[in-house]
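Work through these exercises with the model open beside you. Try each task before you read its solution.

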Amino acid sequence: MTVDNLSYEVFPTRKEMGRKAAADVAATIKNLLETKPTIGMIFAAAPSQNEFLEALIADKTIEWNRINAFHMDEYIGLDKNAPQGFGNFLRDRIFGLVPFKSVSYIPNGKTDTDKAIADYTDKIKATGIDITCMGIGENAHIAFNDPHVAKFDDSEMMKVVDLDDKCRNQQVHDGCFKSIDDVPTQAFTLTIPVLMSAPNVFCIVPAKTKAQAVYNTINGEISEKYPSTVMRTRPGCRMYLDADSASQL
């Protein structure tokens, strides 16, 4: 099914959803590497991505050594070894399991934020982004571009943002933190123009908790009130849903 420029598919289970998303991403990787020596990919860190990541790394025909990997957001102020750190999440599920050409991590400990932003954006500029693999939040955020800070025409590539309470509560619902008091209040995020700069955007969104956000993504007004609606304005965006996340459609 298609709405504006966004195509989407609904699958009976999370596993089937993850397998199909992984198959499509793998095919896109292989197609790109037929004409490019290397590519750049952005990955999201969230339990919603588990089935997709598991299926993707199971594909032994992908030339990982020709892919430069990035992640899209990171808490500020967590211990650098905290399991909730998004870089640590991705290290355990993909970054540390396949031989990427390079992996770039956003720091999650106490750091010079201006330097961290400059260093990370320089790496993205040097590599370019060909594929973005992401989810959407309960408030329709993409990365940590919550509605109150989302800008479709953001002039920055990466910035520090204050997280809204709905976004922070989602981390509790996902089982990442015991209570909202444990969730950091600030984070680094790549901005919407960077995420959407990839000609291939794959958005994987399972679970009942995302049903309202999925409904708003497809049926809501295209605006920063629902950041994920930006996908409807860009060719090459695909969204993968399970029966739960599609339950309000």
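## Exercise 1: A loop alanine

A140 sits in the loop between β7 (131-134) and β8. Helices (H or I, at least four residues) and strands (E, at least two) are DSSP runs, numbered from the N terminus. This is a predicted model: local features need pLDDT of at least 70, side-chain atom pairs count only at pLDDT 80 or more, and totals for chains, interfaces and linings use all residues. Residues are numbered from 1 along each chain as its sequence is written, and side-chain values use heavy atoms, with hydrogens and water left out.

Task: Decide whether A140 is buried or exposed, then describe its phi angle.

Solution.
- Step 1. Take the cut-offs: buried means under 20% relative accessible area, exposed over 50%, partly exposed in between (1.4 Å probe, protein chains only).
- Step 2. A140 has 0% relative accessibility, so it counts as buried.
- Step 3. Phi of A140 is near 70 degrees, a positive value in a residue other than glycine.

## Exercise 2: Another alanine with positive phi

Task: Find the loop that holds A207. State its phi and its burial class.

Solution.
- Step 1. A207 is in the loop between β10 (200-205) and α7 (211-219).
- Step 2. Its phi is near 95 degrees, which is positive in a residue other than glycine.
- Step 3. A207 counts as buried because its relative accessibility is 19%.

## Exercise 3: The surroundings of K159

Task: Place K159 in its strand. Then work out which partners its side chain reaches.

Solution.
- Step 1. K159 belongs to strand β8 (residues 158-162).
- Step 2. Its relative accessible area is 8%, so K159 is buried.
- Step 3. List the contacts (heavy atoms within 4.5 Å). Not counting residues up to four places away in sequence, K159 touches I117, N145, V149, K151, D154, A187, F188, T189 and T191.
- Step 4. Look for polar contacts. Such a contact is a pair of N or O atoms within 3.5 Å; within protein, one must be able to donate a hydrogen and the other to accept it, and residues adjacent in sequence count only if both atoms are side-chain atoms.
- Step 5. The K159 side chain makes a polar contact with the side chain of D154 at 2.6 Å. The K159 side chain also reaches the backbone oxygen of V149, at 2.9 Å.
- Step 6. Check one pair in space: K159 and A187 are 28 residues apart in sequence, with their C-alpha atoms 8.3 Å apart.

## Exercise 4: Two buried arginines

Task: For R66 and R168, find the backbone oxygen that each side chain reaches.

Solution.
- Step 1. R66 lies in the loop between α2 (50-57) and β4 (67-71). Its relative accessible area is 19%, so R66 is buried.
- Step 2. The R66 side chain reaches the backbone oxygen of L33 at 2.8 Å. Leaving out residues up to four places away in sequence, R66 touches L33, K36, P37, T38, I39 and K101.
- Step 3. R168 is in helix α5. With a relative accessible area of 10%, R168 is buried.
- Step 4. The R168 side chain reaches the backbone oxygen of P184 at 3.3 Å. Leaving out residues up to four places away in sequence, R168 touches L163, I180, V183, P184 and T185.

## Exercise 5: A covered helix

Task: Count the buried residues of α3, name them, and find what covers them.

Solution.
- Step 1. Helix α3 (residues 86-95) is mostly covered, with seven of its 10 residues buried.
- Step 2. The buried residues are F86, G87, N88, F89, L90, I94 and F95.
- Step 3. Their cover includes β3 (39-43), α2, β4, β5 (73-75), β6 (102-104) and α5 (165-173).

## Exercise 6: An aspartate and its distant partner

Task: Find which residues D24 contacts beyond its neighbours within four places in sequence.

Solution.
- Step 1. D24 is in helix α1 (residues 14-32). At 14% relative accessibility, D24 counts as buried.
- Step 2. Beyond those neighbours, D24 is in contact with E9, F202, R238 and Y240.
- Step 3. D24 and F202 are 178 residues apart along the chain, yet their C-alpha atoms are separated by 8.6 Å.

## Exercise 7: The whole chain

Task: Describe the protein chain by its elements and its buried share.

Solution.
- Step 1. The protein chain has seven helices and 11 strands.
- Step 2. Of its 249 residues, 55% are buried.
- Step 3. Among contacts with a separation of 6 or more, 80% join residues 24 or more positions apart.
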